[in-house]
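Biologist: I am new to this model. Please take me through its aromatic pairs, and look closely at one of them.

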Amino acid sequence: MGRGPMGGMGGSPFGNTLRSFRRDSSVTRKTIKAGTAKRMLKTAAPYYKILMIFLVLILVDAVVGVANPLIFREIINVGIIGKKKNVVIDFAFLVAGLAIADAILSVGQRYVSAKVGEGLIFRLRSMVFGHMTGMPISFFMRTQTGALVTRLDNDVLGAQQAFTDTLSSVVSNVLSVLLVVATMMVLSWQITLVALLILPVFIFPTRWVGRKLGNLAREGYQLNAEMNSMMIERFNVAGALLVKLFGDGAKERSLFEKKAGRVRDIGVTQAMYGRFFLVALTLTASLATALVYGWGGAQAIDGVLSVGTVVALTAYLNRLYGPLTALSNVQVDIMTALVSFERVFEVLDLQPMIQEKPDAKDIPEGPCEIVFSQVEFSYPSAKEVSLASLESVAVLDTTIPSQVLFGISFRALPGQLVALVGPSGAGKTTISHLVPRLYDVTSGSISINGVDVREAKLSSLQKTIGVVTQDAHLFHDTIRANLIYAKQDASEDEIVEALKGAHIWNLIESLPDGIETVVGDRGYRLSGGEKQRISIARLLLKAPRIVVLDEATAHLDSESETHVQEALKFALSGRTSIVIAHRLSTVRDADLILVIDEGRVVEQGTHIELVKANGLYKELYELQFAQQSQVK
């Protein structure tokens, strides 16, 4: 019949029951938010019809499982003892037919289970991924990357198992137990009751083993997470370089081996507990079988029971203990599924601070004018943008963020270059982040061509504004893939033109794989200047009307800076630009220079006007000039 000795479908029932006891029983002490179960069912709404088919298949399979021992009973009582060959042959064909039917049911169940399970995984992952990509940048600045990946991986899989493993196991086991017990009671209620009384002898030690397995599993998950985190940090280019330059290889290996060794020890202990579980279950079934054969055999000799009934009762025992044992831990299974769903819903319920209004507008076409009007800003609190579980902390930071910007007002006319200068930490980068609406202002407004950025469509803002950051990020992919990320339908001529405009085409053309060269993790196969020029080429390919540069040449050597400056000059031509300048010499030709200090505009004007004003700008300029003279 394609079953294990304990009955059930979809793999060894011993293994399924053991996995149930290996789960963390502490989940039963968790308080699930009201409505989680209802939302869980709503998530599965598109699969209701196929779930009904799934349940029908389970029901039919349970009935087939109960029918077999009764057929064996008739073969023995009527066929063999009655010496009726035709009955034996007919029932043998019936057993074979049921075996084929059971095999078909098994395949059908697996197909339906996979259809529902994989569909749910796809739906939940798509929902979580889409929701996360819409979160503000402050969310990613606080959240652990590994925690996000876990939500998309482990928690989604745990939620999916609620409608495959857990649903299948609970329904199948309940039906099997009800049908088997009812049939056994009809055959011999005395033997059935005694067989059921033996079960607690096995269940109580098993509960103890289950708690031990749950604790070990929890510790194993934590250690594996720590090892994964360690590998992620050490195996990326920056981490590997840090280990090479400052780390102790022997110490690193020892630290990893300590965690891996404990995982090994946990694995051995789990294996032994698992063996104890299986031996105990088998022993209990064997003792019950001995009881049935002893007591039932004696009753058969006395004529109270037939031989076929004794055999049938023995077969039913093998289909009783596995499901009953699994059901004794069903609360843990259900709570585990609910907790997984709750963790997924927790992410989906965290609303992004930056949202598009229903009546959002497009930025009007043509050259862009940017107007800051009395802009004040404080960074959002942890509670507004993050979850404690995603930061791996018990409680989120409750510190109230202090104000960063105070009454910032200025106007960048179409085609103008506005430079932001000032001491480190003055608020320059914060100002640049407000233009593409990475954050929303606390008060005041920022408008582009008369449209408040909070009233604009997010897609229109993204299309209008291009940003080159201080640390140009490239995906571990080809140069072409990194470029067309800004414009998926870019032609070959457009790509080449953008690379030429960024003054890097000659270099790329000289590479063996040319534009198909893989740049490596975060673009580490390229120099800082080369990465910046590729990011500028990406900006040119996008062709935005507004350009924001965040100290794009701050960490480059003189030669690289020269190349990047040439590329930037081309990129900024004819575009409204906001440039954060570390080297003041690079913005002497700016149309307007804003001197930012402690979140305020303390000076503004052209280079010549600011030098004449004898303020902070002149002080910073003369300090840099003196440092450059000393270097020379």
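Modeller: What follows goes from the count of pairs to one pair, then to a cluster. This is a predicted model, where local features need pLDDT of at least 70 and side-chain atom pairs count only at pLDDT 80 or more, while totals for chains, interfaces and linings use all residues. Residues are numbered from 1 along each chain as its sequence is written, and side-chain values use heavy atoms, with hydrogens and water left out.

The structure holds 7 aromatic pairs (rings of Phe, Tyr and Trp, the last by its six-membered ring, with centres within 6.5 Å). One of them joins Phe475 and Tyr485. Their ring centres are 5.1 Å apart. Their planes stand at 70 degrees, which is edge-to-face (over 60; under 30 is stacked, the rest tilted).

Now place the two residues. Phe475 sits in the loop between strand 6 (465–468) and helix 16 (479–484). Tyr485 sits in the loop between helix 16 and helix 17 (492–501). Helices (H or I, at least four residues) and strands (E, at least two) are DSSP runs, numbered from the N terminus. The pair therefore ties together parts that are 10 residues apart in sequence.

Next, the surface. Phe475 has 39% relative accessibility, so it counts as partly exposed (20% to 50%; under 20% is buried, with a 1.4 Å probe and protein chains only). Tyr485 has 54%, so Tyr485 counts as exposed (over 50%).

Last, look at another aromatic group. Phe377, Tyr379 and Tyr439 form one aromatic cluster.
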